[in-house]
Every structure is written in C-alpha cells, then in structure tokens.
Amino acid sequence: MKEAPGFGVMLARLLDHRALRVQDPADRAGSMTNGVRAVLAGEVPGEELLRRIAAVLGFHAVDLFILAGLAVPDDMAPSDATAERWAPYIVMNAVHLPASERRELLELIRSLPQEERPSVFAAKPIASHAGPGGRVVRMLQYRNLDRMGMARLLAVVTPTYLSAPTYGVIGSGDAELTPRLVTDFAAVLGIGARELAGLTGVDLREVPPPPAPEAVDAAALLWEARRLSAAQAQHVAELARSLRGDGAKGYFLNLSRS
C-alpha cells in the first residue's frame, strides 16, 4: 500500500512545479518564512499557516488540511450534510447546458442566502494509513459527495466510470491511485492534474491535456454548492434539469427570490 508523502514533501513539490522560492509564498502569506521552512523540514503545519498558504497558492484551504492529514475546521465543512443527495445532480445536469447558462447557474448559487447549518457535517472515516487515495476521496467528501455521488458525477464529467464501492476501496488505500484517476479527480476538484500528481506522489508520465470547459465549470459549481442547504440544492438541481430539458428562461430570478 503506497503511503501519502508528508506535507513538507508535497509543499516542496508544489513550489518546485511553480518555480517558486521558499520566501515567495512565505512573504505573500505575511512574512512566515520560518514557518514555511519548518514545514519543508518535516514539521506539522499549524492552522494559521495552512490558511495563509492556501490563499497565496490559490488552493482551497480545506484541501491543504486534508493533504496535511489534519482535522478540518468546522467552518470549512459543507453547510448541510444532507445536500449530498442533490449536489451531484446540479453538476450532472449543468454540464449539458451552454456555457452561458452554466455561468448563470453558478452566479445563482453564489447569490442564494446563506442559511444556518441545519445539520452537522461529518465526513465518513478514512483510515490514517489509507495513503494518497484516502486523501483524494476525503477531498471529494468535502465537496458534499458520498460514494454514490462520486460514481455518478465522475461518470458524467470525466471518462472514469467506477462503481460506488470502488471509491470506498480507493479511499481505504486498497486500490491504486492511477494516473488516469489522478487526472480525472483533479478536473472535478479544480486542481491542476500535474499539481495533484505531485501532491499525491503519482507519476503521470505524460502531460495531460487541459480539462474541458465543462469540467472546469463542473468543479466551480461543485465547490460553490457546498454553501447550499439541501432544499436550496434541490431547487438548483431541478432548475438545471429544466434548463437542460426545455431551455426555460427567467427561472433563475424567480428561484433567487423564493
């Protein structure tokens, strides 16, 4: 079973890939050079440093916490755990829409009022020895995807077609995280494939083509949908389906007012 590299190794690979010096992200993160150097030397990163580095490097902070093997702060969890029933369907319908309607759907999601958390989000346990596959599956869980959601969404957005139990096997580290999987997971997560490969220690061998515009929009929609309640996510999923079916116009405004 392949072990996930330490976070210092991951960060070093990322800096090397972007041709950055240690002081570059450190200075932009608020003169935290010593902290970055300590992490590169093997020290466990603190919460403040991870949040600052994420902002500087253009990563979602939750992903860095997961990659570092740390507990994710409550404020980074999806707003409503029960929205996982609808989150995949928002994206699965949206990818069949024209680019302009995908953008409009994204703006609608961002404009909907933030509701109080109706449920506590608790990602399903992943063994500490699960390796890089476990980290990637945890990142998908924090996009409000359960295993069935992963199977359905990946099958629509990428060439990967796997059963729901297979994602459990990947998450446990009992299935290899292949270059093909890394490339497709990266598209859904909104992370560069080469960067995710470096972060997980997978050799891509060949430079993958950039993700299709539909996949780029899918990653953005999936991320933004984390802020929705289950009721809001259901409304948006049904809207996306109606637009896919009959091109209904003007419904965005009505939904945003409801």
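**Notebook: α8, α11 and α12**

I started with the α8/α11 interface: Val 136, Met 139 and Leu 140 of α8 meet Phe 185, Val 188 and Leu 189 of α11. Note to self: this is a predicted model.

Next I pulled the geometry, since two packed helices are described by the angle between their axes and the distance between the axes. For α8 and α11, the axes come within 11 Å and cross at roughly 25°. Angles under 35 degrees count as roughly parallel, so I put α8 down as roughly parallel to α11. I also noted the handedness of the α8 and α11 crossing, which is left-handed.

Then I stayed on α8 (residues 131-141) and looked up Arg 138, which is found in that helix. Which side chain of opposite charge is nearest to Arg 138? I got Asp 63, 10 Å away; Arg 138 is buried yet has no salt bridge. Skipping neighbours within four places in sequence, I found Arg 138 in contact with Ile 66, Ala 123, Lys 124, Pro 125 and Ile 126.

Last stop was α12 (residues 193-200). How many of its eight residues are buried? I have six, so α12 is largely enclosed by the rest of the structure. My list of the buried ones in α12 reads Ala 193, Glu 195, Leu 196, Ala 197, Leu 199 and Thr 200. I checked what covers them, and the cover includes α1 (7-17), α5 (61-67), α8 and α11 (179-189). That brought me back to the pair I began with. Just after α12, I logged Gly 201 with a positive phi of about 80°.

Key. Residues are numbered from 1 along each chain as its sequence is written. This is a predicted model: local features need pLDDT of at least 70, side-chain atom pairs count only at pLDDT 80 or more; totals for chains, interfaces and linings use all residues. Side-chain values use heavy atoms; hydrogens and water are left out. Helices (H or I, at least four residues) and strands (E, at least two) are DSSP runs, numbered from the N terminus. Buried means under 20% relative accessible area, exposed over 50%, partly exposed in between (1.4 Å probe, protein chains only). Lys and Arg count as positive and Asp and Glu as negative; His and the chain ends are not counted. A salt bridge is a side-chain nitrogen of Lys or Arg within 4 Å of a carboxyl oxygen of Asp or Glu. Contact means heavy atoms within 4.5 Å. Axes are lines fitted to C-alpha atoms, for helices over the stretch in contact, and angles run from 0 to 180 degrees between N-to-C directions. Angles under 35 degrees count as roughly parallel, over 145 as roughly antiparallel, 65 to 115 as roughly perpendicular and the rest as oblique. A crossing is left-handed if the near helix is turned anticlockwise from the far one by less than a right angle, and right-handed if clockwise.
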